[in-house]
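Q: I should like to learn how a protein model is read, feature by feature. Could we take one structure and work through it together?

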Amino acid sequence: MTRYKVTGMSCAACQARVEKAVSSLPGVESCAVSLLTNSMNVEGDIDPAGIIKAVEDAGYGAALSGASEGERGSALPEEDFGAGETEKIRNRLIASLILLIPLMYVSMGHMLFGAPLPGFLDGNHVAMGIFELLFAALIMVINQKFFVNGFKGLIHRAPNMDTLVALGSAASFGYSVYALFAMTSAVLARDEAGVISLMDEFYFESAAMILTLITVGKLLEAVSKGRTTDALKGLLKLAPKRAVMLVDGVEKEVPVDRVMPGDRFVLRPGNSVPVDGVVVEGDGAVNESALTGESIPVEKKAGDEVFTATMNVNGYMVCRATRTGEDTTLSRIIQMVSDASASKAPIAKVADRISGIFVPAVLGIAALTFVIWLFAGYDTGFCLARAVSVLVISCPCALGLATPVAIMVGNGVGAKSGILFKNAAALEETGRVKTVVLDKTGTVTKGEPAMKEVVPAEGVSEKELLETAFALESRSEHPLAKAVCTYVKDLDIKALDPSDFRSLAGSGLSAAIDGDEAVAGNRELVLSVCDVPERDLKYADDLCERGQTPLFFARGGKYLGLISVSDVIKEDSKEAVGKLRELGLEVVMLTGDNERSAAAIAKEAGIDRVIASVKPDGKEREIRRHQEKGRVAMVGDGINDAVALTAADTGIAIGAGSDIAIDAADVVLINSSLMDAVDAIRLGRATLRNIHENLFWAFFYNVIGIPLAAGAYIHAFGWTLNPMFGAAAMSLSSFCVVTNALRLNLFKRWKRDTGSDVKTGDGLIMDKKEDIVMKIRVNGMMCPKCEAHVKEALEKIRGVNAATADHEANLVTLEVSSQPSEDELKKAVEEAGYEYAGIA
């Protein structure tokens, strides 16, 4: 996939035009244009020069935006978020308002409020007309972009929103110029009545006001659109700029881009992790909320992974870099969120089809409105006002923005919560799910067997049984053996030294311990060397019914007892299943395990429907069968789940699962928590509901507004619409759509650990963030007033809840709910007039 930056688009009609031009090229497999980010994603085997030419031939500009998928380069540059464009619009608006105020004062002030006119204009109607003409013309020059883009679209037979604005303003201005010339002729003919009547035919203020109000709307829209990318901007800012490398035993601070895989770096309390790595020395606690949304620090020790932009809360660690630059987890998350935001949801196709014919239809309605009122006997000024009102109230922008702004915000909210949607379609489909199919191992359960019961034989102590079990199982790599060893290591059990160790495929283990033959495994193996009491055999059957695996042990021909091991469900699985049911979803567990084990786990998790002993290809068939009843989401983590994840309408992969499963899925849960699958569905539903609201508003606005502007309600209610009010309505329509989408930022996750949560009135559980304490050094503080200045400056930073300064120790203690970057801390301290000396 190759990304392009597209310039010159102003509305959904432009977006549709570019998409159509590029999609028609041979070799293009798919093309998705985003009006929100002014970008285009193209898939196919085609030269970029051909695509750029097609866009230019359509009347727009295009250029390669950065790296293609698979190349180095992931994060969007800051300018892609439109900060520069917002500043240009703001400057245009200020200049327009400065000129509009005297224009409105002269044209309307003296008539509405009796305001006095300057001496050179008082009583001179032609001079007033020339004054209005000059000021209106200057405003039109300042906002020439509407005319350049609008008439360019008209020339390329692709009219857009700018075309509507340009025609409306130009028509008002042109007719007013005609009226001014007519007034000049009346003055020369000394026709006083004609001069007075022609004053009412001036629409200079309408021409200028239309452009100014549309610019107001464009500014509001640009600012709101900028806020929709806040999540992505926040992710970009998380990336640390510097790292402390360990070179020949010496710590050295370097720019983060100099850290290469294999290099060692140091993490002290308060340090952000500069690149992905593995702990090789020391231990500590790392706050991973920047990536996962979980505020509780995660303990790290040698062999554990650490990820870019997470923060070391306490402890000293030396780590080896494993992934750097654009290969880090943070960079890949940014790329995934960026790609998803630029993709197109299926629901947007309806709006796209309408947008393609919207502007030509409005032009036709405006022309028809003018002709109908003219034939009805109304004067030209009235007819023009109705036609111009139709042109300027019509808003294709709201239609074009209805879906992408909601997708952008929804993706950003998901990314902050550790839920990654790979594309817009995944976000939409997740919101339509009716059935959730869960894999068992690694999804509902931890995928790590644990000891459940120790049952010594009569006359055998528990210690004797565990000593033999530890001696045998410590030599095995089997998951069941690891469960036994993990349990025994925490006990005061003597480590025996076995010899002649053998692994008996499908049965168990055997070895010699102090000259005695010892065996561990299934009942058949142990029964072959000794007798097992009937009581223990029956109890073993009971354990199997409960989903546990009994391991039998014997030594020297004597039966020692049994130990049961089983996979355990995750702490949040039962709650997650309950929440899925609350959402009205059918929950099914699909597993390759035997029916007894599967039924036991399902019962513990609260799942009613279980489909067991299913092979990978059989999982796909089960997914297809459930799809007959509605959309299906499959949640899995293993290689054997990849086919089912692909077949499901929405494949949800647990982040700790296999790379193949993650690649096959549409949604990735970084936290590996089943509760996040619940939140993914809730977020999908909230986003879909928001899109429906936006589309309703966009359609409703145009369906009501266009007839009102055309004068359809004049005879019934006496309603007419001034072109200036039409322009104001158009300005606010897009702003309303974008603002509505921003409500998605209020979405709150359900948390599995209710002990540290707060319940809201509607029963939703909201995060109660635990503050992180970090310390920074600040030089230059001399007194308590200095402390107050530094405190005030730092507490303005987002995420900093409290700051306590100590001028004697040159130290500031911060309580933060989300980690600020060092750049933010440094800027705040220096702007307050002090010297930032780094993290303590």
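A: Let us begin with burial. In the protein chain, buried residues make up 53% of the 840 residues. Please keep in mind throughout that this is a predicted model.

Q: What is the accessible surface of the protein chain, and what share of it belongs to carbon and sulfur atoms?

A: The accessible surface comes to about 36700 Å². Carbon and sulfur atoms account for 55% of that area.

Q: How many helices and strands does the protein chain have?

A: The protein chain has 30 helices and 32 strands. Contacts add to this picture: among those between residues at least 6 apart in sequence, 69% join residues at least 24 apart.

Q: How should I read the interior?

A: In soluble globular proteins, nonpolar side chains tend to be buried together. In this model, the largest nonpolar core has 128 residues. Val 18, Val 22, Met 40, Leu 438 and Ile 607 have the most contacts inside it. Helix α26 (residues 674-710) supplies the largest share of this core, 15 residues. There is also a second, separate core of 37 residues, which includes Ala 483, Ala 518, Ala 520 and Tyr 559.

Q: Which residues are in contact with Ile 607, leaving aside its neighbours within four places in sequence?

A: Ile 607 is in contact with Leu 438, Val 444, Val 577, Arg 581, Val 587, Val 588, Met 589 and Ala 602. One of these partners, Leu 438, is also among the residues with the most contacts inside the largest core.

Q: Which residues of helix α2 are buried?

A: Helix α2 spans residues 48-57, and its buried residues are Ile 51, Ile 52, Ala 54 and Val 55. Viewed down the helix axis, these buried residues fall within an arc of 160 degrees, so they line one face of α2.

Q: Does a single polar residue deserve the same attention? Where is Ser 172 placed, and is Ser 172 buried or exposed?

A: Ser 172 is placed in helix α6 (residues 161-188). Its relative accessibility is 2%, so Ser 172 counts as buried. Not counting residues up to four places away in sequence, Ser 172 touches Tyr 203, Ser 206, Ala 207, Ile 210, Leu 384 and Val 388.

Q: How many aromatic pairs does the structure hold?

A: The structure holds 9 aromatic pairs. One of them, formed by Phe 147 and Phe 151, is stacked, with 6.4 Å centre to centre and 20 degrees between the planes. These two residues are 4 apart in helix α5 (residues 144-155), so about one helical turn separates them. Phe 147, at 13% relative accessibility, counts as buried, whereas Phe 151, at 32%, counts as partly exposed.

A second example is the pair of Trp 373 and Tyr 378, which is edge-to-face: 5.0 Å centre to centre, with 85 degrees between the planes. Trp 373 counts as buried at 9% relative accessibility, and Tyr 378 counts as partly exposed at 30%.

Q: Which residues form one aromatic cluster with Trp 373 and Tyr 378?

A: Phe 382 joins Trp 373 and Tyr 378 in one aromatic cluster. In addition, Arg 386 lies over the face of Phe 382, at 4.8 Å from the ring centre.

Q: How should I read the backbone angle phi?

A: Most residues other than glycine have a negative phi. In this model, Asp 248 has a positive phi near 55 degrees. Asp 248 lies in the loop between β5 (242-247) and β6 (250-255), and at 78% relative accessibility Asp 248 counts as exposed. Asp 500 likewise has a positive phi, near 55 degrees. Asp 500 is placed in strand β17 (residues 499-504) and counts as exposed, at 55% relative accessibility. A glycine can be added: just after α2, Gly 59 takes a positive phi of about 105 degrees.

Q: Where is Gly 459 placed, and how many residues apart in sequence are Gly 459 and Leu 560?

A: Gly 459 is in the loop between β16 (450-456) and α17 (462-473). At 73% relative accessibility, Gly 459 counts as exposed. Gly 459 and Leu 560 are 101 residues apart in sequence, and 8.7 Å apart in space from C-alpha to C-alpha.

Notes: Residues are numbered from 1 along each chain as its sequence is written. This is a predicted model: local features need pLDDT of at least 70, side-chain atom pairs count only at pLDDT 80 or more; totals for chains, interfaces and linings use all residues. Side-chain values use heavy atoms; hydrogens and water are left out. Buried means under 20% relative accessible area, exposed over 50%, partly exposed in between (1.4 Å probe, protein chains only). The arc is that of the directions from the helix axis to the C-beta atoms. A nonpolar core is a set of buried Ala, Val, Leu, Ile, Met, Phe, Trp, Tyr and Cys residues joined through side-chain atoms within 4.5 Å. Contact means heavy atoms within 4.5 Å. Accessible areas come from the Shrake-Rupley method with a 1.4 Å probe; for residues, only the protein chains shown count as cover. Rings of Phe, Tyr and Trp (its six-membered ring) pair if their centres lie within 6.5 Å; planes under 30 degrees apart count as stacked, over 60 as edge-to-face and the rest as tilted. A charge sits over a ring if NZ of Lys or CZ of Arg is within 6 Å of the ring centre and within 35 degrees of the ring normal.
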